[in-house]
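Please look over the structure shown here before reading the report, which is meant for someone meeting it anew.

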Amino acid sequence: MGQGTGIGRVRGLGSAKHGSHHWIVQRLTALGNLTLTLWLLFSILTLTNYEHETLAAWLSQISVAVPMILMLISIFWHLKLGMQVMIEDYVPDTALRLIALTLLNFYAFAGAIFGIFVVAKLAFTGVAS
């Protein structure tokens, strides 16, 4: 080998400059999730009943649909960031890691798009089918 110690091989290379951004975005999405989830809880508690028609009419309001879409984006982005860290840290096989990250990206994107579509359909038509 003859490469010296592990620290000797990496000394002077510096950081990859990606970890802090990922960490900050994860904390910001967590703060957004907390804020928007509290909004959702208090908004739902102010409803008179929880029948389908009432909830559909409530969700069709623009003042409800926009925060709901923001909450969906924030939740799925936070999910993707957290699961990405777990996969990168605990899946040792490179090929399996790539497959898991690809499936995670598809899942997060599809889940967010599906939720946004449902909220937008209710907001624009006022009907859920």
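The report below takes up one helix and its surroundings, then an aromatic pair, and then a patch on the surface.

The model is a predicted one, and helix α4, which covers residues 62–90, is a good place to begin. Its 29 residues reach 42 Å from the first C-alpha to the last, which is close to the 42 Å expected at 1.5 Å a residue. Among the buried residues of α4 are Val-64, Ala-65, Pro-67, Met-68, Met-71, Leu-72 and Phe-76, and further along the helix Leu-81, Gly-82, Gln-84 and Ile-87. The cover over the buried residues of α4 includes α2 (19–45), α3 (52–59) and α5 (94–125).

Two of those covering helices also meet through their aromatic rings. The structure holds 2 aromatic pairs, and one of them, formed by Trp-39 and Trp-58, is stacked, with 6.4 Å from centre to centre and 20 degrees between the planes. Because Trp-39 lies in helix α2 and Trp-58 in helix α3, this pair ties together parts that are 19 residues apart in sequence.

The surface of the model carries a nonpolar patch of about 1,100 Å², made by residues including Trp-23, Ile-24, Leu-28, Phe-42, Tyr-50 and Leu-55. Helix α2 gives the most to this patch, with 9 residues, and Trp-23 has its place in that helix.

The table sets out how three tryptophans are classed by their accessibility.

| Residue | Relative accessibility | Class |
|---|---|---|
| Trp-23 | 48% | partly exposed |
| Trp-39 | 23% | partly exposed |
| Trp-58 | 11% | buried |

Within the stacked pair, therefore, Trp-39 counts as partly exposed at 23% relative accessibility, whereas Trp-58 counts as buried at 11%.

Note on methods. Residues numbered from 1 in each chain as written. Predicted model: local features only at pLDDT ≥ 70, side-chain atom pairs only at ≥ 80, totals over all residues. Heavy atoms only, no water. Helix = DSSP H or I, 4+ residues; strand = E, 2+ residues; numbered from the N terminus. Expected span 1.5 Å × (residues − 1). Buried < 20%, exposed > 50% of the residue type's maximum accessible area, 1.4 Å probe, protein only. Contact = heavy atoms within 4.5 Å. Phe/Tyr/Trp six-rings, centres within 6.5 Å; stacked < 30°, edge-to-face > 60°. Patch = residues over 30% accessible without salt bridge, like charges linked within 9 Å, V, L, I, M, F, W, Y side chains within 5 Å. Areas by Shrake-Rupley, 256 points an atom, 1.4 Å probe, with all protein chains shown as cover. Salt bridge = Lys/Arg side-chain N within 4 Å of Asp/Glu carboxyl O.
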